[in-house]
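Please walk through this protein with the model open beside the text, taking one region at a time.

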Amino acid sequence: MSDKPRKGLDRRDLLKASIATVGAAAALAANAGSVNAQASTTSSAGQASGASQATVYTGDVIQGTKVVSALDVNDLEPGKKHLLYFQGVEMPTGQHWYVSVIVAKGAKPGKRGVLTSGVHGDEMSSIHTVQAVMNQLDPAQMSGTVMAVTDVARPAMESMQRRWPNQGRGIDLIDMNREWPGNENGLTATSRHAGLLFNRLLRPNADFAIDFHTGTTGFEVSAFNIAEMDVPEIKAMVELYPVGQIFDNPTYPSVLHNAFIAVGIPSFCPEIGAARHLDIEMISLFVEGTMNVLRHHGIVAGPMGRTGKDVNVFIGNSAFPILATQGGIVEHLVKLNDKVEPGQKLAIQRNSFGEVVAEYTSGVAGEITGQRSDAMSEPGNPLVFILFHKVAPEGVESYPE
Ligand SMILES: [Zn+2]
């Protein structure tokens with residue numbers, strides 16, 4: 001699901017971050033020996049400066065696949081596809097969460113692109129999109145490298161749920177797309193996993209990066225890209241997608257694509273329909289756009305496919321939320337991508353007697369970009385997001401997701 005911004009939530013995240021810093025300092029003091037050992041590993045790997053680091057093979061082979069704990073794609077044989085496991089954080093049993101890495105290493109040198117999916121565990125179309133792109137690549141014909149990681153939040157994916165089940169204080173669920181760039185010495189396994197991946201796998205191998213998502217369980221979205229269109233390198237890539245909507249907004253600082261941007265790597269976030277299933281038709285649009293991006297960077301040759309010019313792209317910088325005010329069953333009166341006007345009725349809600357208890361209308365002119373797909377709703381659930389162009393002054397609280 002997209003990361004619709006909310007200024008209140010940003011403040012809460014910042015508060016959480018400051019609390020975490022205090023907690024981390026206490027943990028460092030209590031366990032100085034082992035933490036220092038980790039810290040020296042971290043700095044010797046060189047990722048604090050973003051410098052490249054040599055590939056480290058752990059010596060393990062899992063189901064025939066070699067395991068790495070650090071990767072520099074320059075170390076891999078050119079003109080071939082390589083399958084690896086990257087060693088992530090440990091589970092409570094002491095075994096590791098491994099993530100699946102596919103590297104298409106071109107015969108000739110060139111730019112390095114990184115494609116990620118599975119940061120949320122229920123977003124299946126994002127994974128299929130990345131796999132479809134990788135399956136189209138012929139390394140013998142490529143100039144440059146494409147690396148894909150398809151299952152970033154493994155424990156979330158194993159149960160096909162959005163969030164990572166964490167063992168901190170009893171079971172807890174952590175949204176991994178509020179954890180980037182992570183912290184190898186962080187207070188949760190999720191934060192450490194993010195830190196390991198970002199420092200030793202993703203950042204060192206990326207000249208540009210695309211983090212694929214979908215809607216979330218119970219809430220589906222249209223096909224769109226989240227992108228900061230005022231960054232020329234990002235705009236140039238996003239315009240190559242033949243998809244109908246662009247959400248031109250910085251969203252949250254702690255999402256993966258923003259962690260890339262923060263270290264100077266152009267990045268954006270495609271959103272590919274509903275969670276839990278494969279939307280093959282919508283996936284094909286994002287595969288076509290991603291192949292265009294690889295052509296744009298000179299990694300693959302050949303003519304461009306359809307781009308944003310071939311569809312009537314609607315660009316909005318804000319998402320207007322409609323929140324349920326009652327409990328009950330919601331009936332939508334509009335569809336994804338429909339254009340709506342202020343005052344237009346978008347949904348009605350009935351109680352268990354079948355009586356209409358609420359009617360929901362749009363406050364803006366825009367296009368429907370997200371709808372609650374679970375029919376039951378409690379008060380406070382987002383029912384609809386409307387993509388629109390905001391002209392109101394900055395600082396207005398307008399994203400109560
Ligand atoms: Zn997501």
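In this predicted model, strand 3 (residues 80-90) and strand 4 run antiparallel and are joined by 9 bridges, and within that pairing Gln87 has Tyr98 as its bridge partner in strand 4. The two strands form a hairpin with 5 residues between them, where Gly94 takes a positive phi near 95°. Strand 4 also pairs with strand 6 (residues 143-149), again in the antiparallel sense, over 5 bridges, and here Lys105 finds its bridge partner in Thr145 of strand 6.

How many of the 10 residues of strand 4 (residues 96-105) are buried? The count is 10 of the 10, so strand 4 is largely enclosed by the rest of the structure. His96, Tyr98, Ser100, Ile102 and Ala104 point one way from strand 4, while Trp97, Val99, Val101, Val103 and Lys105 point the other way, and the residues of both sets are buried.

The metal site can be followed next. The zinc ion is coordinated by ND1 of His120, by two OE atoms of Glu123 and by ND1 of His213, at 2.0 to 2.4 Å, and along the chain these donors follow the spacing H-x2-E-x89-H. Distant parts of the chain are linked in this way, since His120 lies in the loop between strand 5 (108-116) and helix 3 (124-136), whereas His213, 93 residues apart from it, lies in the loop between strand 9 (208-211) and strand 10 (219-221). Both of these histidines, His120 and His213, are buried. Why is the arrangement around the zinc ion irregular? The 4 donor atoms subtend angles of 57 to 142°, and four donors would count as tetrahedral if all angles lay between 85 and 135 degrees. For reference, the ideal angle for four tetrahedral donors at a metal is 109.5 degrees.

Asp230 offers a contrasting setting, in the loop between strand 11 (223-226) and helix 6 (232-238). Asp230 counts as exposed because its relative accessibility is 63%, the cut-off for that class being over 50%. Its C-alpha atom is separated by 9.6 Å from that of Asn249, which is 19 residues apart from Asp230 along the chain.

Helix 8 (residues 280-296) allows a check on geometry: at 1.5 Å a residue its 17 residues should span 24 Å, and its end C-alpha atoms are 24 Å apart, which agrees. Among the buried residues of helix 8 are Met282, Ile283, Phe286, Val287, Met291 and Leu294. Just after helix 8, Gly298 takes a positive phi of about 75°.

Farther along the chain, 4 strands form an open sheet in the order 19-18-16-21, with antiparallel pairing. Strand 19 (356-361) and strand 21 (376-377) stand at the edges with a single partner strand each, so one side of each has no neighbour in the sheet. Inside this sheet, strand 16 (residues 328-332) and strand 18 (residues 345-350) pair in the antiparallel sense over 4 bridges, with Ile348 of strand 18 as the bridge partner of Glu331.

Taken as a whole, the protein has a secondary structure of 8 helices and 22 strands, and buried residues make up 53% of its 401 residues. Of the contacts with a separation of 6 or more, 67% come from residues 24 or more positions apart. The accessible surface comes to about 17200 Å², and 54% of that belongs to carbon and sulfur atoms.

Conventions: Residues numbered from 1 in each chain as written. Predicted model: local features only at pLDDT ≥ 70, side-chain atom pairs only at ≥ 80, totals over all residues. Heavy atoms only, no water. Buried < 20%, exposed > 50% of the residue type's maximum accessible area, 1.4 Å probe, protein only. Contact = heavy atoms within 4.5 Å. Areas by Shrake-Rupley, 256 points an atom, 1.4 Å probe, with all protein chains shown as cover. Donors = N, O, S within 2.8 Å, 3.2 Å for Na, K, Ca; no water. Tetrahedral: all angles 85-135°; square planar, octahedral: opposite > 155°, others 65-115°. Expected span 1.5 Å × (residues − 1). Pairing = 2+ DSSP bridges.
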